[in-house]
Amino acid sequence: TRFKIGKAEVKVVLGNVDSPSDAYMVLRLGEMSSKPVDQVLDQYRTGKNRGWGVLAKNLGIKPGSKEFHALKQGSDLYFNAGKMKGNKKNKRKG
């Protein structure tokens with residue numbers, strides 16, 4: 001749901017990467033760069049040994065940008081920006 005893709009595409013990504021964490025990174029880089037998943041997978045296949053920062057740069061995520069720094073620090077801007085808020089009904093003040 002988060003990456004706006006279906007089960008079939010998730011299975012394609014999982015089948016073309018080395019680990020589930022790599023699948024997340026491929027989907028995350030697609031989200032950050034606004035590139036289609038197949039384009040990110042192509043970059044992954046050809047340059048996975050060079051590191052995620054190089055892949056991000058090749059996908060148009062500029063070094064020094066907020067997105068690039070978040071990627072390098074392991075932050076998830078999607079969750080940090082409050083887009084995925086939990087249920088606040090049961091939280092008490094104080």
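This passage describes the fold, the nonpolar core and selected local features of a predicted model.

The protein comprises 94 residues and contains 6 helices and 0 strands. Read along the sequence, the order of elements is α-α-α-α-α-α. Of the residues, 32% count as buried. Among the contacts with a sequence separation of 6 or more, 49% are made by residues 24 or more positions apart. The exposed area of the protein is about 6,700 Å², and 50% of this area is supplied by carbon and sulfur atoms.

The largest nonpolar core consists of 19 residues, and V13, V17, V26 and L29 have the most contacts inside it. Two or more residues of this core are given by each of α2 (20-33), α3 (37-47), α4 (52-58) and α5 (66-73). The greatest contribution is that of α2, with 6 residues. With residues up to four places away in sequence not counted, V26 touches V13, V17, V37, V40, L41, Y44 and W52.

Several of these partners of V26 recur in the description of α3, where V37, V40, L41, Y44 and G47 are buried. These residues lie on the same side of α3, because the arc that they cover around the axis is only 155°. D38 and T46, on the other side of α3, are exposed. The cover over the buried residues of α3 includes α1 (7-15), α2 and α4.

The count of aromatic pairs comes to 2. One of them is formed by F3 and Y24 in an edge-to-face arrangement, with 6.1 Å centre to centre and 70° between the planes. F3 belongs to the segment before α1 and Y24 to helix α2, so the pair ties together parts that are 21 residues apart in sequence. Both rings belong to residues with intermediate accessibility: F3 is partly exposed at 23% relative accessibility, and Y24 is partly exposed with a relative accessible area of 31%. Y44 and W52 also form an aromatic pair, which is stacked, with 5.8 Å centre to centre and 25° between the planes. Y44 is buried, its relative accessible area being 2%, whereas W52 counts as partly exposed at 26% relative accessibility. Y44 and W52 are both among the residues touched by V26.

Two serine residues illustrate burial of polar side chains. S33 is located in helix α2 and has a relative accessible area of 14%; this value is under 20%, so S33 is classed as buried. Apart from neighbours within four places in sequence, S33 is in contact with L59 and I61. S65 is located in the loop between α4 and α5. The relative accessibility of S65 is 18%, which also falls under the 20% limit, and S65 therefore counts as buried. A polar atom of the S65 side chain lies 2.8 Å from the backbone oxygen of K62.

N58, in helix α4, is partly exposed at 39% relative accessibility. When neighbours within four places in sequence are left aside, the contacts of N58 are with Q43 and R50. N58 and Q43 are 15 residues apart along the chain, and their C-alpha atoms are separated by 7.7 Å.

Positive phi values in residues other than glycine occur at K4, where phi is near 55°, and at S34, where phi is near 60°. K4 lies in the segment before α1, and S34 lies in the loop between α2 and α3. K4 is exposed at 72% relative accessibility. S34 is likewise exposed, with a relative accessible area of 66%. In sequence, S34 directly follows the last residue of α2 (20-33), while S33, within helix α2, is buried.

How values were computed
Residues numbered from 1 in each chain as written. Predicted model: local features only at pLDDT ≥ 70, side-chain atom pairs only at ≥ 80, totals over all residues. Heavy atoms only, no water. Core = buried A, V, L, I, M, F, W, Y, C linked by side-chain atoms within 4.5 Å. Buried < 20%, exposed > 50% of the residue type's maximum accessible area, 1.4 Å probe, protein only. Helix = DSSP H or I, 4+ residues; strand = E, 2+ residues; numbered from the N terminus. Contact = heavy atoms within 4.5 Å. Arc of directions from axis to C-beta. Areas by Shrake-Rupley, 256 points an atom, 1.4 Å probe, with all protein chains shown as cover. Polar contact = N/O pair within 3.5 Å; in protein donor to acceptor, adjacent residues only side chain to side chain. Phe/Tyr/Trp six-rings, centres within 6.5 Å; stacked < 30°, edge-to-face > 60°.
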